[in-house]
Amino acid sequence: MKLIIAIVQDQDASSLIDDLTDNEFSVTKLASTGGFLKSGNTTLLIGVEDDKVEDVLKIIENNCKTRTMTTSLLSVTMPGDAYIPYPLEVRVGGATIFILDVEKHIRL
Ligand code: 2BA
């Protein structure tokens with residue numbers, strides 16, 4: 001068994017969860033925050049049998065879009081110690097995925 005940890009954008013989470021549950025995958029949704037943009041994202045925990053991992057990845061791929069976000073959190077240093085807000089464009093997503101081996105899965 002594998003545990004798929006998928007970090008996705010909030011905008012994609014609802015359709016992705018619907019698609020996963022429609023295909024009989026169990027999923028747990030956690031509210032999370034990205035360390036770089038410091039804005040909300042969604043982390044999904046999906047436990048699946050090994051032979052279903054590719055099916056889950058396909059569903060994630062179908063639901064998660066790459067988006068360009070602009071952050072003004074960064075600044076550039078100017079001579080004289082002045083800081084000027086510097087808009088930075090980053091491409092976020094579609095999804096960041098970790099796949100872990102599950103030693104034991106217990107349901108009581
Ligand atoms: P954030 O940390 O808010 O990052 C948002 C986007 O900012 C990233 O998109 C990436 O394009 C950019 N970014 C992140 N760290 C950066 C840095 N040090 N310098 C320049 N640009 C940077 P994604 O790579 O698609 O990541 C989306 C979200 O997935 C991240 O939100 C974070 O919550 C999570 N994530 C990504 N890689 C991770 C990792 N190795 N471990 C844990 N979480 C990760």
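These legends walk through several close-up views of a predicted model.

**View 1. Strand β1 sits in antiparallel pairings with β3 and with β8.** Start with strand β1, which covers residues 2-8 and is joined to β3 by seven bridges, the two running antiparallel. To get your bearings on that side, look for leucine 3, which stands opposite glycine 47 in β3. Now turn to β8, residues 95-101: this strand also pairs with β1 over seven bridges, again in the antiparallel sense. A handy marker here is valine 8, with alanine 95 of β8 standing opposite.

**View 2. A salt bridge links aspartate 101 and lysine 2.** The model has three salt bridges in total, and here we zoom in on the one between aspartate 101 and lysine 2, whose closest N and O atoms are 2.3 Å apart. The two partners come from distant parts of the chain: aspartate 101 belongs to strand β8 and lysine 2 to strand β1, 99 residues apart. Is aspartate 101 buried or exposed? Aspartate 101 counts as exposed, because its relative accessibility is 61% and the cut-off for exposed is over 50%.

**View 3. Arginine 67 meets aspartate 12 in a salt bridge.** The side chains come together with an N to O distance of 2.9 Å. Arginine 67 is part of strand β4 (residues 67-71) and aspartate 12 is part of helix α1 (residues 10-22), so this pair ties together parts that are 55 residues apart in sequence. Aspartate 12 is buried, since its relative accessible area is just 2%, and buried means under 20%.

**View 4. Helix α2 holds a salt bridge between glutamate 61 and lysine 58.** In this view the N to O distance is 3.9 Å. How far apart are glutamate 61 and lysine 58 along helix α2? They are three residues apart, which means a separation of about one helical turn. Glutamate 61 is exposed, with a relative accessible area of 55%, while lysine 58, at 48%, is partly exposed.

**View 5. A negative patch lies on the surface.** Which residues form this patch? Glu49, Asp50, Asp51, Glu54 and Asp55 make it up. Pick out aspartate 51 and you'll find yourself in the loop between β3 (40-48) and α2 (53-63). Aspartate 51 is exposed, and its relative accessible area is 62%.

Methods:
Residues are numbered from 1 along each chain as its sequence is written. This is a predicted model: local features need pLDDT of at least 70, side-chain atom pairs count only at pLDDT 80 or more; totals for chains, interfaces and linings use all residues. Side-chain values use heavy atoms; hydrogens and water are left out. Patches are made of residues with over 30% relative accessible area and no salt bridge: like charges are joined within 9 Å, nonpolar side chains (Val, Leu, Ile, Met, Phe, Trp, Tyr) within 5 Å. Accessible areas come from the Shrake-Rupley method with a 1.4 Å probe; for residues, only the protein chains shown count as cover. A salt bridge is a side-chain nitrogen of Lys or Arg within 4 Å of a carboxyl oxygen of Asp or Glu. Lys and Arg count as positive and Asp and Glu as negative; His and the chain ends are not counted. The place of a charge is taken as NZ of Lys, CZ of Arg, CG of Asp or CD of Glu. Helices (H or I, at least four residues) and strands (E, at least two) are DSSP runs, numbered from the N terminus. Buried means under 20% relative accessible area, exposed over 50%, partly exposed in between (1.4 Å probe, protein chains only). Two strands pair if DSSP finds at least two bridges between them.
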